[in-house]
Structure formats: C-alpha cells, structure tokens
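Reader: I am in my first year and still learning how to read a protein model. Could you take me through a close look at one part of it, and then connect that part to what lies around it?

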Amino acid sequence: MRESHLLPAARGAAYAVRAGQCATIRNPHGTQVVDTWALALDDPLDHSAMEHTRSVNSNLFFEAGQRVMSVRRRPMLTMIEDTTPGHHDTLLCPCSAEIYRELGCTGHHRSCTENFHEAIAAHGLSLPFTPASLNLFMNVPVAFDGSLDRLPPRSQPGDRVTLRAEMDLLLVLSACPQDVTPINGSARTPRDIEVILHAEGEEE
C-alpha cells in the first residue's frame, strides 16, 4: 500500500517497512539533509552500521546500487534510485545537544540524536546509544590528506532517493535541525521532507 508522509523540518519519524517495500525520500527544496537509520524488526539491537556499510561497499560515500549493512553484517537497505549527484555522507555523526553547545547555542536546540530517540520511542523502543547515521543529501567532501569539509548539499529541488528494504525494519529519518553551519544550505534553514512508502516499481 502506498503511503505519503510529510517529515517536518527539524523533526524525526520512524516508519515500519517490510522486506521488498521501498521508501522514496524527496527533497522539495533540495537543501535538506536527512539523517537515516534502520533497526531490524526482529531485533532492534541489530541496527544500521556505517562501519560495515563502508566495508562492504568499499566506499566512504553511499551511492546508488549500494547496501546499508547492519551491525551483524546483514543487508538492510539498498539504494535503487538516486536523482542527486550522489556521494551521500557516511562519516559525520548525527548532531547532538553537545555539538550545538560547541557551536555556541544556549538553551535547548533540537538535534538528530533527539529526533532518533523520540522517533523510536513512538514505536515502543529505546536504545542506550545513538547509532551512526547515513546522511542523505549531505555534502562532505574528503581531501587527499583526509580532512573533511562541510558544504551545502549539491541536490536540487525535487531530487529524491529510493531505498528498498532487504528485511522487515524500522526506518528512522531526521530532517536535520542544523541551522548554524551551511550543511542544510547557505540559508541555514531546515526544511520539510517528503517520504513515500510504496512497492518497488510503483510510480512515485
């Protein structure tokens, strides 16, 4: 069954996705980063793991045709479509309260870490840690000397990626709240994201 959802700017949500089902994540403004995780429904401790994802794909970035792997080396998601220039980030951690304090923010500031835990709590789950995220649409070039940069996304308005579930899982998404650095574009403004759950091959 096809389902369409709006993921509000700076918020998170989790969606139960069955094996073979697809999730298309559309970026209406082109500038919004989406932190992404997966938890196996048969064991939520078997979560998406960027270290195993990089190892299996032999790539620092995440591209069409590659798979997100679990901490137990099980395939969780395959990117079957990508209309962006690619190079989705697997290196930077999800933003957190501590990071915003380092950036000079005072008081409460929403974060991808908070969004992750709120989203899984809505499904009756909790974890005592925050897994590393796949950062869709995030533009983090890697220099020859190993240094990283943080640049605005290269995606354009309406660009999308489609992920196919390789197991029954909980797909957790956060429309990153970052409004200090230009990781969400030069306007430093978080935006809404569209999420469509559908059968493979179904028109988005």
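Author: In this predicted model, the largest cavity holds about 70 Å³ of space, and the structure has 1 cavity of 30 Å³ or more. The residues that line the largest cavity are Thr84, Pro85, Gly86, His87, His88, Phe137, Met138, Asn139, Arg154 and Ser155. Sorted by class, this lining comprises 3 nonpolar, 6 polar and 1 charged residues.

One of the lining residues, His87, deserves a slower look. His87 sits in the loop between S8 and strand S9 (88–89), and the phi angle of His87 is near 65°, which is a positive value in a residue other than glycine. With a relative accessible area of 36%, His87 is partly exposed, since that class covers the range between 20% and 50%.

The strand before that loop, S8, can be followed back to its other neighbours. Strand S8 (75–82) is preceded by a loop that runs from S7 and contains Arg73. S7 and S8 form a hairpin with 5 residues between them, and Arg73, in the turn, has a positive phi of about 70°. Like the lining residue discussed above, Arg73 is a residue other than glycine with a positive phi, and at 41% relative accessibility Arg73 counts as partly exposed. The two strands of the hairpin, S7 and S8, pair in the antiparallel sense over 3 bridges, and one place to see this pairing is Arg67, whose bridge partner in S8 is Thr78.

S8 also pairs with S11, again in the antiparallel sense, and here the pairing extends over 5 bridges. Within this pairing, Met79 stands opposite Leu163 in S11. If you then move on from S11, you come to strand S3 (residues 21–27), which pairs with strand S11 (residues 159–165) in the antiparallel sense over 6 bridges; in S11, the bridge partner of Asn27 is Asp159.

These pairings belong to a wider arrangement, an open sheet of 6 strands in the order S1-S13-S3-S11-S8-S7, with antiparallel pairing. The edge strands of this sheet are strand S1 (3–7) and strand S7 (67–69), each of which pairs on one side only. Neighbouring strands of the sheet are turned by 25° against each other on average, with direction ignored.

Another strand to trace on the model is S12. In a regular strand the side chains alternate between the two faces of the sheet. In S12, Leu169, Leu171, Leu173 and Ala175 point one way, while Leu170, Val172 and Ser174 point the other way, and all of them are buried. Because 7 of the 7 residues of strand S12 (residues 169–175) are buried, the strand is largely enclosed by the rest of the structure. Strand S2 (residues 12–17) pairs with S12 in the antiparallel sense over 6 bridges, and Ala13 stands opposite Leu173 in S12. Strand S4 (residues 34–40) likewise pairs with S12 in the antiparallel sense, over 7 bridges, and in this case Ala40 stands opposite Leu169 in S12.

From the enclosed cavity we can turn to the largest pocket, in which about 230 Å³ of space lies. Of the 14 residues that line this pocket, the closest to its centre are Leu92, Cys93, Ile99, Arg150 and Gln178. The lining of the largest pocket divides into 10 nonpolar, 2 polar and 2 charged residues.

Two single residues complete the tour. Asn115 has its place in helix H3 (residues 112–121), and with a relative accessible area of 0% Asn115 is buried. The side chains of Asn115 and Arg110 are joined by a polar contact of 2.8 Å. His47, in turn, lies in strand S5 (residues 43–47), and His47 is buried with a relative accessible area of 11%, because buried means under 20%. His47 and Asp82 are 35 residues apart in sequence, and from C-alpha to C-alpha they are 23 Å apart in space.

Definitions and conventions: Residues are numbered from 1 along each chain as its sequence is written. This is a predicted model: local features need pLDDT of at least 70, side-chain atom pairs count only at pLDDT 80 or more; totals for chains, interfaces and linings use all residues. Side-chain values use heavy atoms; hydrogens and water are left out. On a 1 Å grid over the protein atoms alone, a cavity is a set of points where a 1.4 Å probe fits but cannot get out, and a pocket is an open set with protein on both sides within 12 Å along at least five of seven lines; lining residues have an atom within 4 Å of a point. Grid points are joined across faces, edges and corners, and a volume is the space filled by probe spheres set on the points. Ala, Val, Leu, Ile, Met, Phe, Trp, Tyr, Cys and Pro count as nonpolar, Asp, Glu, Lys and Arg as charged, and the others, Gly among them, as polar. Buried means under 20% relative accessible area, exposed over 50%, partly exposed in between (1.4 Å probe, protein chains only). Helices (H or I, at least four residues) and strands (E, at least two) are DSSP runs, numbered from the N terminus. Two strands pair if DSSP finds at least two bridges between them. Axes are lines fitted to C-alpha atoms, for helices over the stretch in contact, and angles run from 0 to 180 degrees between N-to-C directions. A polar contact is a pair of N or O atoms within 3.5 Å; within protein, one must be able to donate a hydrogen and the other to accept it, and residues adjacent in sequence count only if both atoms are side-chain atoms.
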